[in-house]
Amino acid sequence: MTRMVVDTNYLQADELRDYLHESRSNKVVVTPLVELEMLKGDAPVNVIKSTEILAEHAKRVVLTKDPLDVVHLRGRRKGMKKRLSGGKRTSTFRKWSRHTRERAKRGDPQSLRHIDRRAAAARAQLADMRQNAQTFQQNVDEARKRYTKEELEAFRADNFTPALIEKIRVHTMEMAQQFFENHPNKPGWPPKDDIFHTFEFRFALCARLHAISVIASGIAKDADKLPNDFIDVSVAAYATCFDGLLSKDKLTQDIYRRARFLLDEEFLKVPAPEHGVHPAGRSGIVQEPRRQAASSPSQAGVE
C-alpha cells in the first residue's frame, strides 16, 4: 500500500488520476491545510473542482489528524502512518463525497450553505495564519544570521557536509523544543530517539530547510506569500511521515526531498542523546538552547 500526501496544486491534475489508476493500493493523503486551501475564493466552486478526482476514489482518500492533535502522538517508527491518519475525519469525508458534495454539485442551497459556513471559518483561520507568518519571517531572518556563505553554497549544491548537517540538526531540535513548549497542553518531550518520528520534529526540520532555501536563493520573500509557505512546509512535513509527496511546486518538492535525505541518511541513523540530556546537547553535555522565533504547527488553527 502506498500513501502519498497531495498538495493543493495537484488535486485537479491528470497525474493524480493516473496515480490512482496505477494501482488500487495507491492512496491519497489529504492534510488539514490543503483542506483549508480548497475553501479559498469562491468556496463552493473551488471545493467541487478540487475534490472531483478525490470523490471518484473516495475509498482511497485518507485525511490526517490536524497539528493540534498530532503533537500528542507517540514518536515510534512503527505505526507512524496509522497514528497520523484521522479515522473519523476520513470516514466523514467519504460520506460527504457521496452525499453533501453531490447535492452541492447539483446546486442544492442547503449543501452550498454548508460549504459557505466552512469557508467563513477557513477565512478566520487564514487570518490567524497571516499573523503566524510574521514569526515565520522571523525564522528566515534568524537563519540568515546563522549560516555562512560557504554553507549556503553547499546547501544549494545539495552538498551536505557533516558540519552543515550537524548545524541543521541542532537548529531543528531547538525549534522542535519550542513547538512542544508553546503548545497549549505542554506535552512532554518524547523519550530517546522517538523525537525523530514526531510530526513536530518533521515540521521543524522542513521549516528550517525552508528558511535556508529562502536565504540561499537570495530572493526576498513577499510577506503576503508567507502563509502559502507555511502550508508548503506543513505539506512537506506530513509527506515525510507517509510514502511521498504529490506536488507541482518546486520549493515544496525541494524541502521534502532534502528532509527525506536527512532523515534517511543521517538523523534516523544517528544515536539519540541519552535520557535527560537536552535535545540540543551532545556527548552528554547539556547545552542551553538558543532561542528563536518559531511559528508552531499547532498554531495553525485547523479544525
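**Exercise 1. Find the centre of the nonpolar core.**
Task: Which residues of the largest nonpolar core touch the most other members?

Solution. Start with the core as a whole: it has 84 residues, and those touching the most other members are Leu16, Val30, Leu54, Ile168, Leu205 and Phe267. Keep in mind as you look around that this is a predicted model. Next, see where the core residues come from. Helix H12 (residues 199–217) gives the largest share, 13 residues. Now zoom in on Leu16. Leaving aside residues up to four places away in sequence, Leu16 touches Val6, Tyr10, Leu11, Val28, Ile53, Leu54 and Leu246. A general tendency fits here: in soluble globular proteins, nonpolar side chains tend to be buried together.

**Exercise 2. Lay out the sheet.**
Task: In what order do the four strands of the open sheet stand?

Solution. Reading across the sheet, the order is S3-S2-S1-S4, and the pairing is parallel. Strands S3 (61–63) and S4 (245–246) are at the edges with a single partner strand each, so one side of each has no neighbour in the sheet. Then turn to the pair S1 and S2. Residues 2–6 form S1 and residues 26–30 form S2, and four bridges join these two strands in the parallel sense. To line them up by eye, find Met4, which stands opposite Val28 in S2.

**Exercise 3. Follow a salt bridge between two helices.**
Task: Which residue forms a salt bridge with Glu56, and how far apart are the closest N and O atoms?

Solution. The partner is Arg17, with the closest N and O atoms 3.2 Å apart. This pair links distant parts of the chain: Glu56 belongs to helix H4 (residues 52–56) and Arg17 to helix H1 (residues 14–22), 39 residues apart. Check the surroundings too. Glu56 is partly exposed at 43% relative accessible area, and Arg17 is also partly exposed, at 23%. This bridge is one of 20 salt bridges in the model.

**Exercise 4. Buried or exposed?**
Task: Arg101 and Glu102 meet in a salt bridge. Is Arg101 buried or exposed?

Solution. First locate the contact: the side chains come to 3.2 Å, N to O. Then apply the cut-off, by which buried means under 20% relative accessible area. Arg101 has a value of 1%, so Arg101 is buried. Glu102, at 28%, counts as partly exposed.

**Exercise 5. Explore the surroundings of Asp158.**
Task: Which residues are linked with Asp158 in a network of salt bridges?

Solution. The network joins Asp158 with Lys250, Asp254, Arg257 and Arg258. Look at one pair in it: Arg257 and Asp158 form a salt bridge whose closest N and O atoms are 2.8 Å apart. Arg257 sits in helix H14 (residues 250–265), while Asp158 is in the loop between helix H10 (149–156) and helix H11 (162–182), so the pair ties together parts 99 residues apart in sequence. Both ends are partly exposed, with Arg257 at 37% and Asp158 at 33%. The backbone is worth a glance as well: just after H10, Asp158 takes a positive phi of about 55°.

**Exercise 6. Tell the two faces of H10 apart.**
Task: Which residues of H10 are buried?

Solution. They are Glu151, Leu152, Ala154 and Phe155. Seen down the helix axis, these buried residues fall within an arc of 160°, so they line one face of H10. Now look at the face turned away from that buried side, where you will find the exposed residues Lys149 and Glu150.

Technical notes: Residues are numbered from 1 along each chain as its sequence is written. This is a predicted model: local features need pLDDT of at least 70, side-chain atom pairs count only at pLDDT 80 or more; totals for chains, interfaces and linings use all residues. Side-chain values use heavy atoms; hydrogens and water are left out. Two strands pair if DSSP finds at least two bridges between them. A salt bridge is a side-chain nitrogen of Lys or Arg within 4 Å of a carboxyl oxygen of Asp or Glu. Buried means under 20% relative accessible area, exposed over 50%, partly exposed in between (1.4 Å probe, protein chains only). The arc is that of the directions from the helix axis to the C-beta atoms. A nonpolar core is a set of buried Ala, Val, Leu, Ile, Met, Phe, Trp, Tyr and Cys residues joined through side-chain atoms within 4.5 Å. Contact means heavy atoms within 4.5 Å.
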